[in-house]
Number of protein chains: 2
Amino acid sequence: MTTAARARAPRRDAASNREALLEAARTILNRDPEASLDTIAVTAGLTRRAVYGHFPSRNTLLAELADRGAARVAAAVDSARAEDPVLDIALLGRLVWDEVEHVRAMTRVVVHGPLRERIGPVLGPIHERLVTDAEHAARLGSGRDDLPAELVARLIEGAAFTVLDESARADLSRTEGRRLVILAGLGALGLSWREAHALLEANRTLLDAEAHP
Amino acid sequence: MTTAARARAPRRDAASNREALLEAARTILNRDPEASLDTIAVTAGLTRRAVYGHFPSRNTLLAELADRGAARVAAAVDSARAEDPVLDIALLGRLVWDEVEHVRAMTRVVVHGPLRERIGPVLGPIHERLVTDAEHAARLGSGRDDLPAELVARLIEGAAFTVLDESARADLSRTEGRRLVILAGLGALGLSWREAHALLEANRTLLDAEAHP
DNA sequence: CTGATCTTGCACACCGATGTGCAAGATCGG
DNA sequence: CCGATCTTGCACATCGGTGTGCAAGATCAG
């Protein structure tokens with residue numbers, strides 16, 4: 001950058017160790033979101049002291065982890081969109097679910113903790129899309145009209161988190177999680193369970209392995 | 001108890017200070033569940049050191065707080081029961097809501113934190129009642145049949161916590177909270193929003209000031 | 001092989017929290 | 001008023017965590 005360029009390229013295990021730290025943090029924090037830096041370092045095969053050779057502080061590590069996750073979710077969310085608002089909410093559930101189900105226990109902490117503001121640029125648009133869908137569905141008569149769309153969107157988000165908790169507790173399969181997060185979301189939107197069930201039957205791709213309608 | 005009886009009755013401010021500590025803990029912990037013992041003591045008009053004259057440890061204080069809340073919830077829950085399972089779930093929502101809405105932020109921490117086992121005897125029966133209602137409703141065709149009753153019960157509980165979070169965020173009124181917790185619960189059970197709405201219209205006492213059907 | 005780069009192991013300072021000991025003081029009961 | 005009871009203020013120990021400094025060693029690039 002400035003005057004003195006590096007005399008030599010960095011050792012190649014520097015990058016791999018850095019990745020190992022992020023990977024270990026992902027694993028450990030998903031088990032215990034309050035885990036100490038030492039636990040993370042040891043899991044990565046390093047010492048706590050060595051961490052500070054890669055990250056200036058604990059928070060920096062966590063921030064980078066959150067950034068990566070947020071980027072993946074953002075890309076997934078932008079990859080597809082449905083015209084019908086009810087279908088779009090189901091689709092949104094599936095897209096987000098696929099990106100967060102492998103960090104189930106961590107998700108709530110990241111979204112509701114101090115890192116929330118950091119991933120705000122990702123969360124905001126998702127929330128707005130839910131609000132738009134909710135009021136669109138209400139106008140069409142397919143979604144509830146007895147609560148403000150803003151509130152409906154929050155109920156749907158809350159339902160998704162409940163499924164996240166439950167799936168971490170009961171160790172649900174990926175497909176079961178998809179189904180559950182969609183059913184719970186549509187229930188919050190005001191659909192009867194038969195309607196939600198029928199929608200899933202009519203759109204089997206929502207549960208399929210790789211679907212980008 | 002044993003040989004040496006107290007020479008004199010305890011000072012009357014001992015009891016009142018003890019109550020002040022519990023009251024302060026309720027207030028402070030509801031704002032910040034991680035609040036320090038010092039904050040609680042000062043709020044009660046005492047010193048941190050004085051707390052140990054009433055409680056042997058921080059945890060003891062919290063435990064007594066949880067016990068009192070649990071006792072109130074247990075009494076409320078046992079005060080009424082409806083024949084129809086759907087109506088019973090709505091009723092249950094209202095009964096519990098009225099007892100916990102004044103400690104909104106604290107509820108999730110107590111139920112999901114280390115004090116959970118302490119209030120287990122209260123939580124257990126409520127959960128069982130929800131499960132029974134859910135499978136009963138499924139048999140009648142009024143509740144969802146596409147998920148195990150155990151899971152449906154958890155979704156209903158999760159919906160209630162979502163409403164709790166939202167009500168703390170948006171400072172909803174007591175009545176709005178009642179309505180919301182019932183609607184969210186019935187949505188998780190699989191009712192359409194029109195059905196849920198109709199049920200509330202047919203049972204206005206669910207939202208009334210003092211109803212014991 | 002040489003030397004830069006990375007890791008380690010120790011040390012330390014710092015922070016915020018809980019829990020105790022003890023003496024002096026304030027407060028209330030009889 | 002006397003004395004038991006409660007509160008205070010201080011010091012201290014303990015614990016677990018983060019962040020740094022420094023020297024010695026391991027590791028890898030060239």
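Student: What does the domain assignment give for chain A?
Tutor: In this predicted model, the assignment splits chain A into domain 1, residues 3-56, and domain 2, residues 62-211.

Student: How many Å separate their centres?
Tutor: Taken over C-alpha atoms, the centres of domain 1 and domain 2 of chain A are 32 Å apart.

Student: And how many residues does the contact take from each?
Tutor: Seven from domain 1 of chain A and six from domain 2 of chain A. The domain 1 side has four nonpolar, one polar and two charged residues.

Student: α4 of chain A next. What span should α4(A) have, and what does it have?
Tutor: α4(A) has 20 residues, so at 1.5 Å a residue it should span 28 Å. Its end C-alpha atoms are 29 Å apart, which agrees.

Student: Which residues of α4(A) are buried?
Tutor: A:Leu61, A:Leu62, A:Leu65, A:Gly69, A:Ala70 and A:Val73.

Student: Where do those fall, seen down the axis of α4(A)?
Tutor: Within an arc of 165°, so the buried residues line one face of the helix. In general, an α-helix has 3.6 residues a turn, so residues three or four places apart point the same way. On the other side of α4(A), A:Arg68 and A:Ala75 are exposed.

Student: What covers the buried residues of α4(A)?
Tutor: The cover includes α1, α5 (85-100) and α7 (120-140) of chain A.

Student: Now chain B. Which residues of α4(B) are buried?
Tutor: B:Leu61, B:Leu62, B:Leu65, B:Gly69 and B:Val73. Down the axis of α4(B) they fall within an arc of 105°, so they too line one face of their helix.

Student: What's exposed on the other side of α4(B), and what covers the buried residues?
Tutor: B:Asn59 and B:Ala75 are exposed there. The cover over the buried residues of α4(B) includes α1, α5 (85-100) and α7 (120-140) of chain B.

Student: How many residues are in contact between chain B and chain A?
Tutor: 19 residues of chain B touch 19 residues of chain A.

Student: Which elements of chain B give two or more residues to that side?
Tutor: α8 (149-170), α9 (174-189) and α10 (193-202) of chain B. The largest share, eight residues, comes from α8(B).

Student: How does the chain B side divide by class?
Tutor: Into seven nonpolar, six polar and six charged residues.

Student: Switching to DNA. Which residues are closest to strand C?
Tutor: 26 residues surround DNA strand C, and the closest are A:Pro10, A:Ala14, A:Asn17, B:Arg12 and B:Arg58.

Student: What elements supply at least two residues of that surface?
Tutor: From chain A, α1 and α3 (48-51); from chain B, α1, α2 (37-43) and α4 (58-77). α1(A) gives the most, with three residues.

Student: And the classes near strand C?
Tutor: Eight nonpolar, six polar and 12 charged residues.

Student: Which residues come nearest to strand D?
Tutor: Of the 27 residues around DNA strand D, A:Arg12, A:Ser57, A:Arg58, B:Pro10 and B:Ala14 come nearest.

Student: Which elements supply at least two residues near strand D?
Tutor: α1 (12-31), α2 (37-43) and α4 (58-77) of chain A, plus α1 (12-31) and α3 (48-51) of chain B. α1(B) gives the most to this surface, with three residues.

Student: How do the residues near strand D divide?
Tutor: Into eight nonpolar, seven polar and 12 charged.

How values were computed: Residues numbered from 1 in each chain as written. Chains lettered and ligands numbered in written order. Predicted model: local features only at pLDDT ≥ 70, side-chain atom pairs only at ≥ 80, totals over all residues. Near = placed C-beta within 6 Å. Helix = DSSP H or I, 4+ residues; strand = E, 2+ residues; numbered from the N terminus. Nonpolar A, V, L, I, M, F, W, Y, C, P; charged D, E, K, R; others polar. Domains from an automatic or database assignment. Contact = placed C-beta atoms within 7 Å. Expected span 1.5 Å × (residues − 1). Buried ≥ 20, exposed ≤ 12 C-beta atoms within 10 Å, placed from the backbone. Arc of directions from axis to C-beta.
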